[in-house]
Amino acid sequence: AVPSPAPLVQPRLDPPLRPATATHEDARELAASAATLDELRAALERFDGCPLKQTAMNLVFGDGNPRATVMFVGEAPGEEEDRRGLPFVGVSGKLLDRMLRWIGLDRTSFYITNVLYWRPPGNRSPTQAEVAACLPFLKRHIELVGPRLLVFVGGAAASALLGRAEGIGKLRGRWFNYECPGSTEPIRALATYHPAYLLRSPGQKREAWRDLLLIKDKLVELGVRHNP
Ligand code: URA
């Protein structure tokens with residue numbers, strides 16, 4: 001008998017593996033396509049790559065003067081921020097506003113946002129995945145505001161944007177260069193304690209005061225007028 005031909009082995013045409021970072025690529029593309037802050041906010045409203053959006057009441061985008069020389073970046077919205085859709089409007093925000101007034105800054109002269117655009121349930125710390133999902137938007141946010149001075153309010157912002165492993169105790173009070181993708185010059189960046197930490201550990205306010213004076217001196221060096 002004639003042996004039957006070996007079955008033809010069809011190459012399997014599996015669909016290409018979806019890279020684990022697909023969402024982050026979507027985030028990068030969406031963020032990069034925003035040419036203005038309004039477009040960036042609209043892009044975040046369309047973005048579904050951060051599950052916190054499902055549990056939060058509001059997107060907390062930013063506040064203050066989008067043409068300011070100095071931009072502050074906190075960690076994540078809390079309850080009051082989530083309710084009002086504005087960053088740093090709860091107890092911590094009130095302390096931060098009071099501290100910044102000491103060096104002549106208010107929301108007409110600074111801009112402020114967070115690493116996360118939605119509130120983590122129960123104010124828990126952000127996960128790495130949540131930070132990674134929001135980071136392309138935050139980087140574009142910084143590019144679009146174009147500050148000359150960046151202040152990381154707390155360890156979450158400092159490590160997300162500087163990519164360094166040290167805790168805030170080691171990072172605060174030192175100048176860093178933040179390499180902004182859209183600009184040839186790095187942005188001078190300083191980390192300081194988060195006001196929620198200062199509320200729990202008022203003894204650290206001395207160090208925070210030193211950081212404020214560094215910000216004030218840097219603004220003078222940059223030729224920014226302020227009204228202390
Ligand atoms: N803490 C933050 O880091 N951001 C806010 O907006 C409020 C509290």
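## A tour from Glu-81 to the ligand and outward

Select Glu-81 to begin: its relative accessibility is 8%, so it counts as buried, the cut-off being under 20%. The model on screen is a predicted one. Glu-81 belongs to helix H4, which covers residues 79–84.

Keep Glu-81 selected and show its surroundings. Leaving out residues up to four places away in sequence, Glu-81 touches Val-60, Leu-86, Pro-87, Phe-88, Val-89 and Gly-90. A polar atom of the Glu-81 side chain lies 3.0 Å from the backbone nitrogen of Val-89. For a longer step along the chain, add Leu-59: this residue and Glu-81 are 22 residues apart in sequence, and their C-alpha atoms are separated by 9.2 Å.

**The ligand**

Select the ligand next. Which residues surround the ligand? They are Gly-74, Glu-75, Ala-76, Pro-77, Glu-81, Pro-87, Phe-88, Asn-114 and His-194. Glu-81, the starting point, is thus in this list. The space that the ligand takes up is the largest pocket.

Now draw the polar distances. One runs from an oxygen atom of the ligand to a polar backbone atom of Glu-75, at 2.8 Å. A distance of 2.8 Å also separates an oxygen atom of the ligand from a polar backbone atom of Phe-88. On the nitrogen side, a nitrogen atom of the ligand lies 2.8 Å from a polar side-chain atom of Asn-114. The ligand taken alone exposes 230 Å², and the protein buries 93% of that area.

**Asn-114 and Thr-113**

Go to Asn-114, in strand S3, residues 110–114. Is Asn-114 buried or exposed? Its relative accessible area is 2%, so it is buried. Besides the ligand nitrogen, the side chain of Asn-114 has a polar atom 3.2 Å from the backbone nitrogen of Glu-75. Glu-75 therefore appears twice on this tour, with a polar backbone atom 2.8 Å from a ligand oxygen and with its backbone nitrogen 3.2 Å from the Asn-114 side chain, while Asn-114 counts as buried. With neighbours within four places in sequence set aside, the contacts of Asn-114 are Val-60, Val-73, Gly-74, Glu-75, Ala-76, Pro-77, Pro-87, Phe-88 and Leu-138.

Step back one residue to Thr-113, also found in strand S3. Thr-113 counts as buried because its relative accessibility is 0%. A polar atom of the Thr-113 side chain lies 2.6 Å from the backbone oxygen of Phe-61. Outside the residues up to four places away in sequence, Thr-113 touches, among others, Gly-62, Met-71, Phe-72, Pro-87, Phe-88 and His-141.

**Two positive phi values**

Select Phe-88, which has come up as a ligand neighbour and as a contact of Asn-114. Phe-88 is in the loop between H4 and helix H5 (91–102). With a relative accessibility of 5%, Phe-88 counts as buried. Check its backbone: phi is near 50°, a positive value in a residue other than glycine. Most residues other than glycine have a negative phi.

Then select Asn-123, in the loop between S3 and H6. Asn-123 is not a glycine, yet its phi is positive, at about 60°. How does its accessibility class read, buried or partly exposed? Asn-123 counts as partly exposed, at 45% relative accessibility.

**Helices H6 and H7**

Move to Pro-136 in helix H6, residues 128–145. At 12% relative accessibility, Pro-136 is another residue that counts as buried. Add Glu-25 to the selection: Pro-136 and Glu-25 are 111 residues apart in sequence, with 9.0 Å between their C-alpha atoms. Not counting residues up to four places away in sequence, Pro-136 touches His-24, Ala-27, Arg-28 and Ala-31.

Gly-155 is the next stop, in helix H7 (residues 155–162). Its relative accessibility of 25% makes Gly-155 partly exposed. Ile-168 is 13 residues away from Gly-155 along the chain, and the two C-alpha atoms are separated by 4.6 Å.

**The whole chain**

Finish by clearing the selection and showing the protein chain. Its secondary structure comes to 10 helices and six strands. The chain has 228 residues, and 44% of them are buried. Of the contacts between residues at least 6 apart in sequence, 71% join residues at least 24 apart. The protein chain exposes about 12400 Å², of which carbon and sulfur atoms supply 52%.

Definitions and conventions:
Residues are numbered from 1 along each chain as its sequence is written. This is a predicted model: local features need pLDDT of at least 70, side-chain atom pairs count only at pLDDT 80 or more; totals for chains, interfaces and linings use all residues. Side-chain values use heavy atoms; hydrogens and water are left out. Helices (H or I, at least four residues) and strands (E, at least two) are DSSP runs, numbered from the N terminus. Buried means under 20% relative accessible area, exposed over 50%, partly exposed in between (1.4 Å probe, protein chains only). A polar contact is a pair of N or O atoms within 3.5 Å; within protein, one must be able to donate a hydrogen and the other to accept it, and residues adjacent in sequence count only if both atoms are side-chain atoms. Contact means heavy atoms within 4.5 Å. A residue is near a molecule or strand if one of its heavy atoms lies within 4 Å of it. Accessible areas come from the Shrake-Rupley method with a 1.4 Å probe; for residues, only the protein chains shown count as cover. On a 1 Å grid over the protein atoms alone, a cavity is a set of points where a 1.4 Å probe fits but cannot get out, and a pocket is an open set with protein on both sides within 12 Å along at least five of seven lines; lining residues have an atom within 4 Å of a point. A molecule sits in a cavity or pocket if more than half of its atoms lie within 2 Å of its grid points.
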